[in-house]
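Biologist: Could you take me through one part of this model slowly, and then follow the chain outward from there? I'd like plain words, with the residues named so that I can click along.

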Amino acid sequence: MEEVKVVSMPRIGDLAPSFEAQTTMGPIKFPDDFKGQWVVLFSHPADFTPVCTTEFMGFAKLNSEFQKRNVQLIGLSIDNIFSHIAWVMNIKEKTGVEIPFPIIADVDGKVAQLFGMLHPGESSTVTVRAVFIIDPNAKIRAIIYYPLSAGRNMKEILRLVDALQTADKYQVATPADWVPEPQTWEFTEENTKVIVPPPTSYEEAVKRLKEGYECVDWYFCKKKLG
Amino acid sequence: MSNGCVSPDGRLSERAIELLKLLKEKGRLKDTEVAEYAQRPLFQVRSSLRELMNAGFLKVEGEHYLLTEKAEEALSKA
(Lines give C-alpha, C1' and ligand atoms only; values in the text may rest on other atoms or scores of the structure.)
Protein backbone atom coordinates (compact mmCIF):
# COMPACT_ATOMS: atom_id res chain seq x y z
CA MET A 1 0.00 0.00 0.00
CA GLU A 2 1.35 3.40 -0.94
CA GLU A 3 2.41 5.49 2.01
CA VAL A 4 0.54 8.77 2.29
CA LYS A 5 2.69 11.56 3.67
CA VAL A 6 0.70 13.65 6.11
CA VAL A 7 1.86 17.24 6.33
CA SER A 8 0.73 19.09 9.40
CA MET A 9 -1.03 22.31 8.49
CA PRO A 10 -2.37 24.99 10.80
CA ARG A 11 -6.10 24.75 11.32
CA ILE A 12 -8.84 27.05 12.53
CA GLY A 13 -8.45 27.53 16.29
CA ASP A 14 -4.68 26.90 16.26
CA LEU A 15 -2.19 29.57 17.25
CA ALA A 16 -0.56 30.95 14.11
CA PRO A 17 3.05 29.79 13.67
CA SER A 18 5.75 32.30 14.67
CA PHE A 19 8.29 33.47 12.11
CA GLU A 20 10.65 36.27 11.15
CA ALA A 21 10.79 37.49 7.58
CA GLN A 22 11.96 40.24 5.27
CA THR A 23 9.17 42.30 3.69
CA THR A 24 8.84 45.23 1.33
CA MET A 25 8.36 47.41 4.43
CA GLY A 26 11.26 46.01 6.45
CA PRO A 27 11.70 42.91 8.61
CA ILE A 28 8.82 41.57 10.68
CA LYS A 29 8.61 39.33 13.68
CA PHE A 30 5.29 37.54 13.69
CA PRO A 31 3.13 37.61 15.77
CA ASP A 32 4.99 39.99 18.14
CA ASP A 33 4.94 43.01 15.81
CA PHE A 34 1.20 42.59 15.26
CA LYS A 35 0.12 42.21 18.89
CA GLY A 36 -3.36 43.65 19.40
CA GLN A 37 -4.15 43.70 15.70
CA TRP A 38 -6.05 41.42 13.36
CA VAL A 39 -3.96 40.14 10.48
CA VAL A 40 -4.99 38.94 7.05
CA LEU A 41 -2.00 36.94 5.82
CA PHE A 42 -2.43 35.96 2.20
CA SER A 43 -0.21 34.18 -0.29
CA HIS A 44 -0.11 34.64 -4.04
CA PRO A 45 1.61 32.40 -6.62
CA ALA A 46 4.14 34.86 -8.02
CA ASP A 47 5.02 38.48 -8.71
CA PHE A 48 4.46 39.88 -12.21
CA THR A 49 1.52 37.59 -12.86
CA PRO A 50 -1.81 39.03 -13.94
CA VAL A 51 -4.32 37.45 -11.55
CA CYS A 52 -2.09 38.32 -8.57
CA THR A 53 -1.79 41.88 -9.81
CA THR A 54 -5.58 42.26 -9.90
CA GLU A 55 -5.76 40.83 -6.37
CA PHE A 56 -3.14 43.22 -5.04
CA MET A 57 -4.94 46.15 -6.62
CA GLY A 58 -8.15 44.87 -5.00
CA PHE A 59 -6.54 44.61 -1.57
CA ALA A 60 -4.95 48.06 -1.98
CA LYS A 61 -8.35 49.54 -2.82
CA LEU A 62 -9.88 48.10 0.35
CA ASN A 63 -6.86 48.70 2.62
CA SER A 64 -8.47 51.65 4.39
CA GLU A 65 -11.55 49.50 5.14
CA PHE A 66 -9.29 46.82 6.63
CA GLN A 67 -7.46 49.49 8.65
CA LYS A 68 -10.77 50.79 10.06
CA ARG A 69 -11.30 47.27 11.41
CA ASN A 70 -7.80 47.15 12.98
CA VAL A 71 -6.64 44.68 10.34
CA GLN A 72 -3.11 44.61 8.92
CA LEU A 73 -2.79 43.01 5.49
CA ILE A 74 0.36 40.98 4.75
CA GLY A 75 1.11 39.45 1.35
CA LEU A 76 3.51 36.57 0.69
CA SER A 77 5.02 34.69 -2.22
CA ILE A 78 8.11 32.61 -2.91
CA ASP A 79 9.90 35.51 -4.59
CA ASN A 80 12.82 37.62 -3.47
CA ILE A 81 12.60 41.14 -2.10
CA PHE A 82 13.92 42.74 -5.29
CA SER A 83 11.21 41.06 -7.35
CA HIS A 84 8.56 42.28 -4.88
CA ILE A 85 9.91 45.84 -4.99
CA ALA A 86 10.09 45.84 -8.80
CA TRP A 87 6.53 44.49 -9.03
CA VAL A 88 5.12 47.02 -6.55
CA MET A 89 6.85 49.80 -8.51
CA ASN A 90 5.51 48.37 -11.79
CA ILE A 91 1.94 48.34 -10.43
CA LYS A 92 2.33 51.96 -9.30
CA GLU A 93 3.81 53.02 -12.64
CA LYS A 94 1.29 51.23 -14.85
CA THR A 95 -1.90 51.66 -12.83
CA GLY A 96 -1.23 54.43 -10.31
CA VAL A 97 -2.10 52.05 -7.46
CA GLU A 98 0.23 52.11 -4.44
CA ILE A 99 0.53 48.85 -2.49
CA PRO A 100 0.22 50.03 1.12
CA PHE A 101 0.95 46.78 2.94
CA PRO A 102 4.07 44.61 3.36
CA ILE A 103 4.84 41.62 1.14
CA ILE A 104 6.94 38.82 2.62
CA ALA A 105 9.88 37.66 0.51
CA ASP A 106 9.71 33.95 1.28
CA VAL A 107 12.50 32.85 -1.05
CA ASP A 108 13.13 29.56 0.72
CA GLY A 109 9.41 28.89 1.23
CA LYS A 110 9.81 28.52 5.00
CA VAL A 111 6.78 30.62 5.92
CA ALA A 112 4.72 29.04 3.15
CA GLN A 113 5.56 25.59 4.56
CA LEU A 114 4.69 26.67 8.09
CA PHE A 115 1.23 27.78 6.97
CA GLY A 116 0.58 24.99 4.47
CA MET A 117 0.42 27.35 1.51
CA LEU A 118 2.15 24.91 -0.86
CA HIS A 119 -0.25 22.35 -2.27
CA PRO A 120 1.83 19.94 -4.42
CA GLY A 121 -1.23 18.74 -6.34
CA GLU A 122 -1.69 22.29 -7.62
CA SER A 123 1.98 23.34 -7.75
CA SER A 124 5.09 22.31 -5.87
CA THR A 125 6.94 25.56 -6.59
CA VAL A 126 4.44 28.36 -6.02
CA THR A 127 1.97 29.04 -3.25
CA VAL A 128 -1.76 28.67 -3.79
CA ARG A 129 -4.02 31.63 -3.03
CA ALA A 130 -4.30 31.09 0.73
CA VAL A 131 -5.85 33.50 3.22
CA PHE A 132 -5.37 33.26 6.97
CA ILE A 133 -7.43 35.53 9.18
CA ILE A 134 -5.66 35.80 12.51
CA ASP A 135 -7.08 37.54 15.57
CA PRO A 136 -5.27 39.87 18.02
CA ASN A 137 -4.38 36.86 20.19
CA ALA A 138 -2.61 35.24 17.21
CA LYS A 139 -5.30 32.59 16.88
CA ILE A 140 -6.25 31.47 13.36
CA ARG A 141 -9.92 32.27 12.96
CA ALA A 142 -10.52 31.48 9.29
CA ILE A 143 -8.70 29.92 6.35
CA ILE A 144 -9.55 30.17 2.67
CA TYR A 145 -7.78 28.41 -0.20
CA TYR A 146 -8.21 29.31 -3.86
CA PRO A 147 -6.46 27.66 -6.81
CA LEU A 148 -3.94 29.44 -9.03
CA SER A 149 -6.47 30.14 -11.76
CA ALA A 150 -9.16 31.98 -9.77
CA GLY A 151 -8.71 35.43 -8.24
CA ARG A 152 -10.21 35.97 -4.81
CA ASN A 153 -13.06 38.31 -3.87
CA MET A 154 -11.56 40.87 -1.47
CA LYS A 155 -15.00 42.02 -0.36
CA GLU A 156 -15.76 38.49 0.82
CA ILE A 157 -12.57 38.56 2.90
CA LEU A 158 -13.65 41.89 4.39
CA ARG A 159 -17.12 40.46 5.01
CA LEU A 160 -15.55 37.49 6.80
CA VAL A 161 -13.53 39.85 9.03
CA ASP A 162 -16.77 41.73 9.82
CA ALA A 163 -18.52 38.45 10.62
CA LEU A 164 -15.73 37.29 12.97
CA GLN A 165 -15.50 40.65 14.75
CA THR A 166 -19.30 40.84 15.06
CA ALA A 167 -19.43 37.30 16.47
CA ASP A 168 -16.80 38.24 19.06
CA LYS A 169 -18.39 41.54 20.02
CA TYR A 170 -22.01 40.42 20.30
CA GLN A 171 -21.61 36.69 20.99
CA VAL A 172 -23.69 35.84 17.94
CA ALA A 173 -23.32 33.84 14.74
CA THR A 174 -23.93 35.23 11.26
CA PRO A 175 -26.10 33.56 8.62
CA ALA A 176 -25.39 32.89 4.95
CA ASP A 177 -24.81 36.05 2.93
CA TRP A 178 -24.85 38.16 6.10
CA VAL A 179 -23.55 41.70 5.75
CA PRO A 180 -23.09 44.29 8.51
CA GLU A 181 -25.18 46.82 6.60
CA PRO A 182 -26.86 46.98 3.20
CA GLN A 183 -24.10 47.00 0.62
CA THR A 184 -23.81 48.76 -2.67
CA TRP A 185 -21.14 46.42 -3.97
CA GLU A 186 -21.70 46.47 -7.65
CA PHE A 187 -20.14 44.35 -10.32
CA THR A 188 -19.45 46.25 -13.51
CA GLU A 189 -18.57 45.40 -17.08
CA GLU A 190 -14.93 45.36 -15.92
CA ASN A 191 -15.66 42.39 -13.64
CA THR A 192 -16.70 40.25 -16.62
CA LYS A 193 -13.30 40.35 -18.31
CA VAL A 194 -10.83 37.46 -18.06
CA ILE A 195 -7.04 37.26 -17.98
CA VAL A 196 -5.10 36.20 -21.05
CA PRO A 197 -2.39 33.70 -19.96
CA PRO A 198 0.86 35.66 -19.82
CA PRO A 199 3.60 35.09 -22.42
CA THR A 200 6.29 32.60 -21.51
CA SER A 201 9.01 33.74 -23.92
CA TYR A 202 10.61 37.07 -24.76
CA GLU A 203 9.33 36.80 -28.33
CA GLU A 204 5.73 36.30 -27.18
CA ALA A 205 6.07 39.12 -24.66
CA VAL A 206 7.14 41.55 -27.37
CA LYS A 207 4.19 40.48 -29.55
CA ARG A 208 1.63 40.52 -26.74
CA LEU A 209 1.17 44.28 -26.65
CA LYS A 210 0.30 44.29 -30.37
CA GLU A 211 -2.30 41.53 -30.22
CA GLY A 212 -5.29 43.77 -29.53
CA TYR A 213 -5.89 42.83 -25.91
CA GLU A 214 -6.55 45.33 -23.16
CA CYS A 215 -3.09 45.40 -21.56
CA VAL A 216 -1.72 47.06 -18.45
CA ASP A 217 1.70 45.62 -19.23
CA TRP A 218 3.13 42.72 -21.25
CA TYR A 219 2.29 40.17 -18.51
CA PHE A 220 -1.13 41.57 -17.66
CA CYS A 221 -3.72 41.60 -20.45
CA LYS A 222 -7.47 41.11 -20.32
CA LYS A 223 -10.17 40.28 -22.82
CA LYS A 224 -13.93 39.79 -22.98
CA LEU A 225 -15.17 36.27 -23.61
CA GLY A 226 -17.30 35.55 -26.67
CA MET B 1 17.97 41.38 10.14
CA SER B 2 18.37 45.10 9.58
CA ASN B 3 15.36 47.32 9.15
CA GLY B 4 17.53 49.98 7.68
CA CYS B 5 17.60 51.90 10.97
CA VAL B 6 21.19 51.13 11.88
CA SER B 7 23.85 50.32 9.28
CA PRO B 8 26.49 47.66 10.02
CA ASP B 9 28.99 50.41 10.92
CA GLY B 10 26.52 51.89 13.41
CA ARG B 11 25.27 54.87 11.38
CA LEU B 12 21.60 55.81 11.71
CA SER B 13 19.18 56.06 8.80
CA GLU B 14 16.79 58.97 8.25
CA ARG B 15 13.94 56.87 9.61
CA ALA B 16 15.93 56.07 12.75
CA ILE B 17 16.78 59.73 13.30
CA GLU B 18 13.12 60.65 12.75
CA LEU B 19 12.03 58.20 15.47
CA LEU B 20 14.77 59.21 17.88
CA LYS B 21 13.96 62.92 17.42
CA LEU B 22 10.32 62.17 18.10
CA LEU B 23 11.24 60.40 21.34
CA LYS B 24 13.57 63.23 22.33
CA GLU B 25 10.75 65.74 21.77
CA LYS B 26 8.05 63.74 23.56
CA GLY B 27 10.21 62.21 26.27
CA ARG B 28 8.82 58.71 26.58
CA LEU B 29 6.31 57.00 24.36
CA LYS B 30 4.59 53.65 23.89
CA ASP B 31 5.02 51.91 20.52
CA THR B 32 1.42 52.75 19.61
CA GLU B 33 2.05 56.43 20.36
CA VAL B 34 5.22 56.44 18.25
CA ALA B 35 3.25 54.92 15.36
CA GLU B 36 0.55 57.56 15.74
CA TYR B 37 2.95 60.51 15.89
CA ALA B 38 5.21 59.16 13.12
CA GLN B 39 2.21 58.12 11.00
CA ARG B 40 3.81 54.80 10.27
CA PRO B 41 2.32 51.28 10.50
CA LEU B 42 2.54 49.85 14.01
CA PHE B 43 4.36 46.67 12.91
CA GLN B 44 7.05 48.77 11.19
CA VAL B 45 7.50 50.99 14.25
CA ARG B 46 7.79 47.95 16.53
CA SER B 47 10.42 46.46 14.23
CA SER B 48 12.38 49.74 14.12
CA LEU B 49 12.19 50.23 17.90
CA ARG B 50 13.46 46.69 18.42
CA GLU B 51 16.42 47.33 16.13
CA LEU B 52 17.24 50.63 17.81
CA MET B 53 16.96 49.02 21.22
CA ASN B 54 19.24 46.13 20.22
CA ALA B 55 21.77 48.66 18.95
CA GLY B 56 21.72 50.48 22.29
CA PHE B 57 19.91 53.65 21.23
CA LEU B 58 16.74 53.00 23.22
CA LYS B 59 15.74 51.48 26.52
CA VAL B 60 12.34 50.32 27.75
CA GLU B 61 10.61 51.13 31.02
CA GLY B 62 7.37 49.20 31.26
CA GLU B 63 5.68 49.89 27.94
CA HIS B 64 7.55 53.15 27.28
CA TYR B 65 10.58 53.71 25.08
CA LEU B 66 13.25 56.24 26.11
CA LEU B 67 16.47 57.49 24.57
CA THR B 68 19.80 56.28 25.92
CA GLU B 69 22.93 58.44 26.26
CA LYS B 70 24.17 56.84 23.05
CA ALA B 71 21.08 58.14 21.24
CA GLU B 72 21.46 61.64 22.73
CA GLU B 73 25.05 61.68 21.55
CA ALA B 74 24.11 60.43 18.07
CA LEU B 75 21.38 63.07 17.75
CA SER B 76 23.75 65.86 18.74
CA LYS B 77 25.94 64.86 15.78
CA ALA B 78 23.07 64.30 13.33
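Modeller: Let's begin at F48(A), which is partly exposed, because its relative accessible area is 26%. Bear in mind throughout that this is a predicted model. F48(A) sits in the loop that runs between β3 and α1 of chain A. Its backbone deserves a look too: phi of F48(A) is near 55°, a positive value, and the residue is not a glycine.

From that loop you can go either way. Take β3 first. This strand of chain A covers residues 38–43, and six of its six residues are buried. If you look at the two faces in turn, W38(A), V40(A) and F42(A) are buried on one side. On the other side, V39(A), L41(A) and S43(A) are buried as well, so both faces of β3(A) count as covered. As for its pairing, β3(A) runs parallel to β4 of chain A, residues 71–77, and six bridges join the two. To find the register on screen, pick V39(A): its bridge partner in β4(A) is Q72(A).

There is one more thing to see on the way back from β3. The loop between β2 (26–30) and β3 of chain A holds P31(A). The peptide bond joining F30(A) and P31(A) is cis, with omega at about 5°.

Now go the other way from F48(A), into α1, which spans residues 50–68 of chain A. One partner of this helix is α4, residues 154–170 of chain A: the two axes come within 9 Å and cross at roughly 30°. The crossing is right-handed. On the α1(A) side, the contact is made by E55(A), G58(A), F59(A), L62(A), E65(A) and F66(A). The α4(A) side brings M154(A), K155(A), I157(A), L158(A) and V161(A). Sorted by class, that contact has seven nonpolar residues, one polar and three charged.

Next comes a sheet. In chain A, three strands form an open sheet in the order β8-β10-β9, with antiparallel pairing. The edges are β8 (194–196) and β9 (214–217), and each has a single partner strand, so one side of each is left without a neighbour in the sheet. On average, neighbouring strands here are turned by 35° against each other, direction ignored. This is where α1(A) comes back in: the helix packs on the sheet, touching β8 and β10 of chain A, and its direction makes about 90° with that of β10(A).

You can walk through the pairings one by one. Strands β8(A) and β10(A) are antiparallel over three bridges, and V194(A) stands opposite K223(A) of β10(A). Three bridges also join β9(A) to β10(A), residues 220–223, again antiparallel. Within that pair, C215(A) has C221(A) as its bridge partner, and D217(A) stands opposite F220(A). The link from β9(A) to β10(A) is a hairpin through two residues.

Chain B is worth a visit before we stop, and there the helix to find is α3, residues 42–54. Just ahead of that helix, Q39(B) lies in the loop between α2 (31–38) and α3 of chain B. Like the phenylalanine we began with, Q39(B) is not a glycine but has a positive phi, about 55°. Q39(B) counts as exposed, because its relative accessibility is 72%.

Within α3 of chain B you'll find R46(B). This arginine is buried, because its relative accessible area, 11%, falls under 20%. Its side chain makes a polar contact with the side chain of D31(B), at 2.9 Å. Across in chain A, R46(B) touches D32(A), D33(A), F34(A) and K35(A).

The same helix holds L52(B). L52(B) is buried, with a relative accessible area of 0%. Beyond its neighbours within four places in sequence, L52(B) is in contact with C5(B), V6(B), L12(B), A16(B), L19(B), L20(B), F57(B) and L58(B). Of these, L19(B) is 33 residues away from L52(B) in sequence, with 9.5 Å between the two C-alpha atoms.

Key. Residues numbered from 1 in each chain as written. Chains lettered and ligands numbered in written order. Predicted model: local features only at pLDDT ≥ 70, side-chain atom pairs only at ≥ 80, totals over all residues. Heavy atoms only, no water. Axes fitted to C-alpha atoms, helices over the stretch in contact; angles between N-to-C directions. Helix = DSSP H or I, 4+ residues; strand = E, 2+ residues; numbered from the N terminus. Left-handed = near helix turned anticlockwise from the far one by under 90°. Contact = heavy atoms within 4.5 Å. Nonpolar A, V, L, I, M, F, W, Y, C, P; charged D, E, K, R; others polar. Buried < 20%, exposed > 50% of the residue type's maximum accessible area, 1.4 Å probe, protein only. Polar contact = N/O pair within 3.5 Å; in protein donor to acceptor, adjacent residues only side chain to side chain. Pairing = 2+ DSSP bridges.
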